[in-house]
Structure formats: C-alpha cells, structure tokens
Amino acid sequence: MTGDTVDRVTAGFTEARRVADALLFEGYVLYPYRASARKNQLRWQFGVLVPPAWQDAGGEHSRQRTDCLLEPRRADRLLVELRFLQVRRRTVERLSPDGESWTEVAELDLPDRVLVPWDEGEEERVELDVPLGRLAGDGHTLRFELPGGVEHEPVHDGADGVVGRLVRRSSPLTGEIRLTTEPLPGPYGALRLTATVRNVSAWTPGPRERDDRESALPHSLIGAHLLLGLPGGRFLSMADPPEWARPAARTCRNEHTWPVLACGEGRDEVMLSSPIILDDHPEVAAESPGPLYDATEIDEILSLRTAALTDREKREARGTDARAAEVIDLVDGLPAEVWERLHGAIRGLREVTGELTGATAVRECTAEDVTGAPLPDGPGIDLTVVPPSAEPPAAGLRLPTGPGLPWWDPAQDAISAPGRGTVTIDGQALGTGSRVVLKPGPRRSDAQDIFLAGRAATVEAVLEDFDGETHIAVTVDGDPGVDVRREQGRFLYFRPDEVDPVPEPARAPARDGEGGV
C-alpha cells in the first residue's frame, strides 16, 4: 500500500462526504427551516438505528448490513468510516431579572433570531484501519461508546448582556461495527465483504415510551452510513458487476443500506453504503451554492422560496438551528451570477434533428454564440465554430444567431417574447394582465397544482411551444413571492382548458353626445 493509493482514498472520502452529507442530513430541517413548521415535527426518516429494546415497538431497526465485492490486488488494508448524528435535545431558559435563577420558556425573542426548543444533530465519526488478513473467519469487531451529558451555552442580547441560555442534553450511545470477508470461487482472488453496524445501547423504554419515537431518538444512530476505502485495490459495482462476478453479486444481502461506487467515473477504490439507494458515482451538482438540508434538493426552487420568507420567519429559522441559519445567510447573500447558474445547466448535447453526414451530425454556431464555457462535445456531435462571414456548410443544423445572445436563448425568437401572445377562451381574449380562475386538470404532472384549484391568478404571458401547444403563464394572487417570480421569470403554467376567464367589468353605455362621430 503506497502513499499515493492512500491519498487517493483520503481524497475519495472527502468527495464522498459531500454526497453523504445530503443523506446524513436528509430531512434534517425542511423548508421553511423553522422548528414550528408542521413538516419539521417528524424528522429523520433514513438510516435511523434505534436501541434493540425499541425496534419491535417502533417498527424501525437496530442494525444495517452491507455486502459488497472487492478485488484486493495490491491492497493489504481496509479503511472504514462510520458517520451518523447523535441527538442533542435543546431547551431554552430565560434568566430572571435578579440574575439568580433560570426559567424554561417556549421561546426567547432576540433582535436577530428567535430561539426555540429543538433537537440538534451532532456529527460523529468512528474510523477503522484494519488489515485485510484480520477479516477472514470470525472477522474483526469494534465496539464504540459515546458518553451523554449536559452543556450550557449563554445567550447574549447586545448591551443587556446574558439574557438566557441554551441547555443541550445528550444520552449515551453504544454501537459496534463487525467486518468479515470470505473468498469467492474462481481465479480472480476476489472477496465478499460484510460490514454490519449495530446499535447495542442498553436503554429500554418505559411504559409511556414504547410508542413514543421521540423518546427513542436520543438513544439512536441517526442517518448512519459507511465509507469504505481500499488503497491499491478496487470495489466492484453491485448494480453492474463484471460478468464473472454476477452470480456472487446476486447472493449479496444488503439490509437497510445500499453500497455504490463513490467519486467520479473510473474511480473504484471508495464505496459509499447509503441508507438511500443511489446510482454508482453520485455527485453534487457543481452549480449548487451549498447544502440546503431539504431532502432531495432542488436548489433554485428552495432558494427562491427561502428568499421570499418574511423577516420574522428568517429570524425563527436562524434561531432554530445553526445549519438553518447558514441556509438563510447563504440565500440572502447569493450574487446575481449564482442565481443565473441555478436556473439550469447543459450536461451534454445530442442531435435530435437535421441531416446526418455519415455517422456525424454537424452543428454550426458563430463565434458570438460561444460565450463563457465552450459548448460540450459528445458522441455523434461535431461542434464547429465558423466566422460570421463564412459560408455555411450545405448539410447540418443551423443554430439561430443573434448579437450577444447564446443560440439556446428563447429571446432569439421574437415570436416567443413574453406578453405578445393571446388566447381566446369562452369568447374572451386573454393576454398579459388578464384575470383567470385556475382549475388544474387530472393530467397535470405536478400533483401540487391541485392545491391551486379555485385560486384567482393573473396572466403574465401566453406562449406557444415547438409542438404548437399553448401555455398560459400565471402568478397566483396573494403569493408573497410574486415580485421574485416576475423578476426571475419563474411562473406557473397551465393549458387553456385549465383556466376560466374572469369576465371583464362591463362598461357603462355612452350617453347622447358622447363617443362616436
């Protein structure tokens, strides 16, 4: 095992943690990032390993098992990192006016935040570096213990000094990791690795706690997952193993977790065993400005909604949790270029129209069209830049051009400009500024649209797509984020048969001598 191979695994663990954090903190604090929000009352749905005495009562599990295949090659050691959250139950206390006593309160309202009771999650890591030879037979078992305790943090209010304190209580946790290997038949020298993580805490629920999940969480491993590293060797994909390894892969048993190859394509020395099923080589999008801790994150939507929170809501979010405060500060400080980057990204292009020249389709653009990063190449696509004065080739797809605009920008097409279209519904012409009532149909792909049934809305634009379908862009009346939606051009879209026009007010008839000629 050389220093280079260890460094690759160390760097791979760093990359894998970025992906794992989205899972470790899965549902940690959901938008709108306030403790009082209904969706934040039931937390932590994935990778929760409860005490053995509670699993039968709560329907959750006290262990997870990972089976995977590996080829040692030059590797002589296995690196393991177990990561999880330990719950710290936080309460809020106010200091009495005489400074002699503390009183537990439901909230402490400060100028910059509103502090409320909350269950915080403290990240814990258990690391192993074990020789592969020790994993044969009965294998290797590591038992670990985390002490409980009570911590106090004073709360200051500017010139008033200490006005309260946060009290954090954690319970002791005991767990174990067991690692075993067995050789696979055949000439490849491959091994099957079994890694089992257990919560073996001795806590037992009282009569009133057997059906109370909240009472079990402080004694649980939250979001538990494994990072496995093999310096000098390689793991095999469990989703797409080599042909010779498929029979062995089918016999692997993974319980409450699923192993995937971590890091980028072509890397196989690090594996992430996750409580959520992923594809091999998962990555965090390069456009993401930071973690938002809201399940599978849609950064633009979450950021826009977070930006639209009221000042009071932001203060409560900042007081709910340090990670929630980071989200609020992150969104409030996003520069314009980051907002633009969140709007979308082109990962690759493929030819869908135009003539083929041999096996290659030619896509043309002018030098002005290539702004910022170069357009990506891909199989079956030859991206060429031709000067504006050059004669275009006879074959291929000619991309639209325009001064200072990329070829994919809809503003290239004057017909698509918002606000220029109209559509007639029930004899009434609808265009920008028209009023409608929404009636989403059953074929809508977004199930949340049903909550808008019967709501009044304002038409922002009438658009037609390349298939000739008409779409009505609207903003919902009373939406506090309507100004942000208009600035960003992020509207809700409905078809003509999904809106009812609001009749325009009738005009008073002209009196004699008025109007006409």
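Trainee: What makes you say that the charged end of arginine 43 sits over the ring of tryptophan 44?

Mentor: In this predicted model, the charged end of arginine 43 lies 4.0 Å from the centre of that tryptophan 44 ring, and the distance part of the criterion asks for CZ of an arginine to be within 6 Å of the ring centre. The arrangement also has to satisfy an angle limit of 35 degrees from the ring normal, and the charged end of arginine 43 is counted as sitting over the ring of tryptophan 44.

Trainee: Over which ring, 3.7 Å from its centre, does the charged end of arginine 43 also sit?

Mentor: That ring belongs to tryptophan 118, and the value of 3.7 Å again falls within the 6 Å limit.

Trainee: Why is the aromatic pair of tyrosine 28 and tryptophan 44 called tilted?

Mentor: The structure holds four aromatic pairs, and in the one formed by tyrosine 28 and tryptophan 44 the centres are 6.0 Å apart while the planes make an angle of 55°. The centres must lie within 6.5 Å for a pair, and planes under 30 degrees apart would be stacked and those over 60 edge-to-face, so an angle of 55° is called tilted. Tyrosine 28 and tryptophan 44 are 16 residues apart, and each lies in the loop between helix H1 (3-24) and helix H2 (52-58); both residues are buried.

Trainee: How do you know that the peptide bond joining tyrosine 31 and proline 32 is cis or trans?

Mentor: Omega is about 10° for this bond, which is cis, and proline 32 is found in the loop between H1 and H2. As background, most peptide bonds are trans.

Trainee: What is unusual for a residue that is not a glycine in the phi of tyrosine 33?

Mentor: Tyrosine 33 has a positive phi of about 65°, and its place is likewise in the loop between H1 and H2. Most residues other than glycine have a negative phi. Arginine 73 also has a positive phi, near 50°, and is placed in the loop between strand E1 (63-71) and strand E2 (77-95).

Trainee: How do you know whether tyrosine 33 is buried or exposed, and whether arginine 73 is buried or exposed?

Mentor: The relative accessible area of tyrosine 33 is 0%, which is under the 20% limit, and therefore tyrosine 33 is buried. Arginine 73 has a relative accessible area of 60%, and since exposed means over 50%, arginine 73 is exposed.

Trainee: Why are strand E24 (492-494) and strand E25 (499-501) said to stand at the edges?

Mentor: They belong to an open sheet of five strands in the order E24-E23-E22-E21-E25, with antiparallel pairing. E24 and E25 each have a single partner strand, so one side of each is left without a neighbour in the sheet.

Trainee: How do you know that strand E21 (residues 435-438) and E25 pair?

Mentor: Pairing requires at least two bridges, and E21 and E25 are joined over three bridges in the antiparallel sense, which means that the requirement is met. As for the residues concerned, valine 437 has aspartate 500 of E25 as its bridge partner.

Terms used. Residues are numbered from 1 along each chain as its sequence is written. This is a predicted model: local features need pLDDT of at least 70, side-chain atom pairs count only at pLDDT 80 or more; totals for chains, interfaces and linings use all residues. Side-chain values use heavy atoms; hydrogens and water are left out. Helices (H or I, at least four residues) and strands (E, at least two) are DSSP runs, numbered from the N terminus. Buried means under 20% relative accessible area, exposed over 50%, partly exposed in between (1.4 Å probe, protein chains only).
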